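This report looks at the overall build of one protein chain and then at its nonpolar interior.

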Amino acid sequence: MDADVLIVGAGPAGSAAAMQLARNGHRVILVDRAKFPRDKPCGDYCDPGAVHAIEQLGCLPDALAAGAVAIPGMRIVAQDGTELSPSFPNGRGLLLPRVRLDYVLLQRAASAGAEIVDGFRVNEVAAGADGVEIRDSRDRRLKASLLIAADGMRSVTARRLGLYSEVTSGRFTVGAYFEVPDTMARGELHLGPGLYCGVARFGRGRANVCMALPRERLKGRSPEQAFSDALPSLPVLADDLAGARRISAFRSSGPVGFRTSRAASNRVLLAGDAAMQIDPMTGQGICFALRSGILAAETAANGLTTQNLSRQGLGAYARRRAVEFGRKVTVARMLQSLALRPAVTPSLVRRLVARPELASQLLGVTGDVLAPNSVLHPHYLWDLFVGHAPRA
Ligand SMILES: Cc1cc2nc3c(=O)[nH]c(=O)nc-3n(C[C@H](O)[C@H](O)[C@H](O)COP(=O)(O)OP(=O)(O)OC[C@H]3O[C@@H](n4cnc5c(N)ncnc54)[C@H](O)[C@@H]3O)c2cc1C
């Protein structure tokens with residue numbers, strides 16, 4: 001065996017798992033097809049739950065040293081221009097380009113003792129009675145007792161093991177970095193008709209602008225054209241960006257949406273987007289990736305100690321995931337179905353403006369610092385959908 005645990009993918013899920021396992025004395029190899037530091041299409045927003053996980057992993061000082069800026073809440077703009085800026089009920093968010101965040105986490109995994117093999121693109125995976133083997137395109141092979149697949153939303157590892165399910169309908173994203181006139185750090189979500197755009201204003205005149213569009217809006221167009229054509233549907237953002245200068249190429253990805261795979265199999269655990277993708281609208285993917293990496297590491301450590309790496313032996317992982325993520329996904333799906341409808345969203349946003357405590361509660365749930373039950377509660381839902389309408 002080359003290691004106790006092989007981890008494929010050095011995003012937040014893989015690095016978090018590697019850090020935890022290496023710190024507990026397990027031999028870990030973390031492989032990634034990329035050479036680090038590497039970029040990744042993302043809105044660059046860590047919600048307060050993600051910040052808490054980063055802190056738990058002991059990486060917060062490094063993230064701040066790498067330039068992360070704290071934000072106290074989010075600005076949300078509805079289709080008719082109504083806007084609100086609720087604060088997180090506790091904690092704070094962070095904005096940090098992924099090229100830096102993921103490198104911070106990877107370096108921490110390495111200093112914890114994980115062996116890093118970058119430039120290793122996994123092509124084949126075989127899980128047998130005596131271990132798991134991965135192979136890359138140059139026929140390099142690595143073998144371990146357990147595999148954690150953390151290779152992202154198109155996970156080759158999960159596909160090879162027959163554990164993958166496709167996103168059937170989902171939006172495509174186009175985004176780029178811009179030089180913007182203002183300097184205040186702020187996170188924003190602009191809601192349009194069937195589309196949305198997240199903006200991470202890092203301060204110092206830089207912003208990441210990342211739009212999610214229906215597939216048809218990209219057909220026959222370059223990402224730049226699709227972005228420019230869609231921008232007028234978000235008039236407040238279009239005004240804000242007037243005169244802004246683009247300072248990077250457009251990156252696009254997709255489809256993005258909701259997807260779940262079976263997260264445990266014999267000698268295999270899936271973590272992060274490889275196991276479950278959440279639509280990026282609520283900005284929870286990094287939090288889920290970090291937390292699922294930590295849960296996978298705990299399950300792996302237990303399985304290695306008890307020498308039970310069977311699907312049943314690793315079954316606690318799926319149960320813990322269901323408890324931790326299940327209802328959060330329900331809330332995210334609910335918001336997704338309400339937030340992009342010009343006939344519905346503005347009146348809900350007006351109600352949230354009139355009842356700031358409801359807005360803050362909702363942001364606490366989507367920020368992963370309040371239990372989903374606080375908004376999946378009949379009283380909350382009554383107040384939001386039925387309660388006294390705000391005066392015009
Ligand atoms: C456009 C967009 C915007 C988003 N915005 C936000 C946001 O603002 N906030 C938020 O919380 N979430 C956001 N998300 C979601 C978030 O990016 C993901 O949930 C998160 O990155 C998942 O982390 P991960 O570690 O599972 O996978 P990733 O971060 O995708 O890492 C996977 C790693 O696996 C490697 N890999 C892939 N295939 C192979 C292979 N065959 N062999 C070896 N290595 C491989 C890749 O190189 C990569 O380094 C966004 C997603 C998208 C698409």
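The radius of gyration is taken over C-alpha atoms, and the rule for a globule is 2.2 Å times the number of residues to the power 0.38. For this predicted model, the rule gives a radius near 21 Å for a compact globule of 392 residues, and because the chain itself has 21 Å, the two agree. Along its principal axes the C-alpha trace extends over about 70 × 45 × 40 Å, and the secondary structure consists of 12 helices and 21 strands.

Some totals for the chain are set out below.

| Property | Value |
|---|---|
| Share of the 392 residues that count as buried | 56% |
| Share of contacts with a separation of 6 or more that join residues 24 or more positions apart | 71% |
| Share of the exposed area supplied by carbon and sulfur atoms | 51% |

The exposed area of the chain comes to about 16300 Å². Its side chains include 48 positive and 35 negative ones, and the centres of these two sets lie 3 Å apart.

Turning to the interior, the largest nonpolar core holds 83 residues, of which Ile7, Leu21, Val31, Ile134, Ile148, Leu269 and Leu290 touch the most other members. Helix α8, which covers residues 285-306, gives the most to this core, with 12 residues. When residues up to four places away in sequence are not counted, Leu290 touches Pro12, Ala16, Ala50, Ala53, Ile54, Leu57 and Leu105. A second core, separate from the largest one, is made up of 34 residues, among them Leu95, Val349, Leu352 and Leu362.

Conventions. Residues numbered from 1 in each chain as written. Predicted model: local features only at pLDDT ≥ 70, side-chain atom pairs only at ≥ 80, totals over all residues. Heavy atoms only, no water. Helix = DSSP H or I, 4+ residues; strand = E, 2+ residues; numbered from the N terminus. Buried < 20%, exposed > 50% of the residue type's maximum accessible area, 1.4 Å probe, protein only. Contact = heavy atoms within 4.5 Å. Areas by Shrake-Rupley, 256 points an atom, 1.4 Å probe, with all protein chains shown as cover. Lys, Arg positive; Asp, Glu negative; His and termini not counted. Charge placed at Lys NZ, Arg CZ, Asp CG, Glu CD. Core = buried A, V, L, I, M, F, W, Y, C linked by side-chain atoms within 4.5 Å.
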